[in-house]
Amino acid sequence: MDTAALWRGARARTRAFRRWMYRDGRPGTLARAANRLSAWQFSAGLLSPARAITLEVRGRRTGRTISFPLVLAELGGRHYVVSMLGEDTSWVRNVRAAGGLAVVRRRRATPVRLVEVPPGERAAYLKRYLDQAPGARPHVPVDRHAPLAEFEAVAARFPVFRVEPAVEPVR
């Protein structure tokens, strides 16, 4: 068997494992544990990709600060975050309930406002996100090299938030 075939098989198994960790669109026990470790690692900026951050937002039910790892993607000089699991995620609902107020952490805390991008404008952001966040690729049903039209067909299912400086303090 040639080396290229071995790599393709390994990538396919990795994608299947990542989808399994988030089956039913929710993180399982293993994914939750990995997310906690990643959130700590990303916020400290230790042995993590440069785009890796921890997003902290107030919980809509408990009021406690919820932290989770994300990829801070860039397009046209602006930063944004994408929900790789789609609309029905706790962090998306918490951000919406908090009026977009959150904290981005990578070595230091930066208060931000997350402004949701309208569904009709998300395709280019989603395509760029898949280029910059390899871990999200198994969860988005479009190949990162696909034409923009294919991203437009699924873009409404994946919330995109532009990251802007917070005007008011995050509580």
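Select Val 103 and Pro 111: Pro 111, in strand E6, is the bridge partner of Val 103. The model is a predicted one, in which local features need pLDDT of at least 70, side-chain atom pairs count only at pLDDT 80 or more, and totals for chains, interfaces and linings use all residues. Residues are numbered from 1 along each chain as its sequence is written, and side-chain values use heavy atoms, with hydrogens and water left out.

**The strands around E5**

Extend the selection to E5 (residues 101-106) and E6 (residues 108-116). Strands here are DSSP runs of E with at least two residues, helices are runs of H or I with at least four, and both are numbered from the N terminus. E5 and E6 run antiparallel and are joined by 6 bridges; two strands count as paired if DSSP finds at least two bridges between them. The two strands form a hairpin with 1 residue between them, and Arg 107 in the turn has a positive phi of about 75°.

Next, add strand E1 (residues 52-58), which pairs with E5 in the antiparallel sense over 3 bridges. Thr 54 stands opposite Arg 105 of E5. Colour E5 by accessibility: 5 of its 6 residues are buried, where buried means under 20% relative accessible area, exposed over 50%, and partly exposed in between (1.4 Å probe, protein chains only).

**Salt bridges**

Display the side chains of Arg 96, Glu 87 and Glu 116. Arg 96 meets Glu 87 in a salt bridge at 2.9 Å, N to O, and meets Glu 116 in another at 2.6 Å, N to O. The latter pair ties together parts that are 20 residues apart in sequence, because Arg 96 lies in helix H3 and Glu 116 in strand E6. A salt bridge is a side-chain nitrogen of Lys or Arg within 4 Å of a carboxyl oxygen of Asp or Glu. Arg 96 is partly exposed at 35% relative accessibility, as is Glu 87 at 30% and Glu 116 at 30%. Adding Arg 122 displays the network of salt bridges that links Glu 87, Arg 96, Glu 116 and Arg 122.

Move to Glu 74 and Arg 128, whose side chains meet in a salt bridge (4.0 Å, N to O). Glu 74 lies in strand E3 (residues 73-75) and Arg 128 in helix H4, so this pair ties together parts that are 54 residues apart in sequence. Glu 74 is partly exposed, with a relative accessible area of 22%, and Arg 128 is partly exposed at 29%. The structure holds 10 salt bridges.

**The pockets**

Now select Tyr 22, Asn 35, Phe 68, Pro 69 and Met 84, which lie nearest the centre of the largest pocket among its 43 lining residues. On a 1 Å grid over the protein atoms alone, a pocket is an open set of points where a 1.4 Å probe fits, with protein on both sides within 12 Å along at least five of seven lines; lining residues have an atom within 4 Å of a point. The volume of the largest pocket is about 1,300 Å³, a volume being the space filled by probe spheres set on the points, which are joined across faces, edges and corners. Helix H2 (29-44) is among the elements that supply at least two lining residues, and H2 gives the most, with 8. The lining has 22 nonpolar, 13 polar and 8 charged residues; Ala, Val, Leu, Ile, Met, Phe, Trp, Tyr, Cys and Pro count as nonpolar, Asp, Glu, Lys and Arg as charged, and the others, Gly among them, as polar.

Finally, select the lining of the second largest pocket, including Arg 11, Arg 15, Arg 137 and His 145. This pocket holds about 320 Å³ of space. H1 provides the largest share of its lining, 4 residues, and the lining divides into 4 nonpolar, 2 polar and 6 charged residues.
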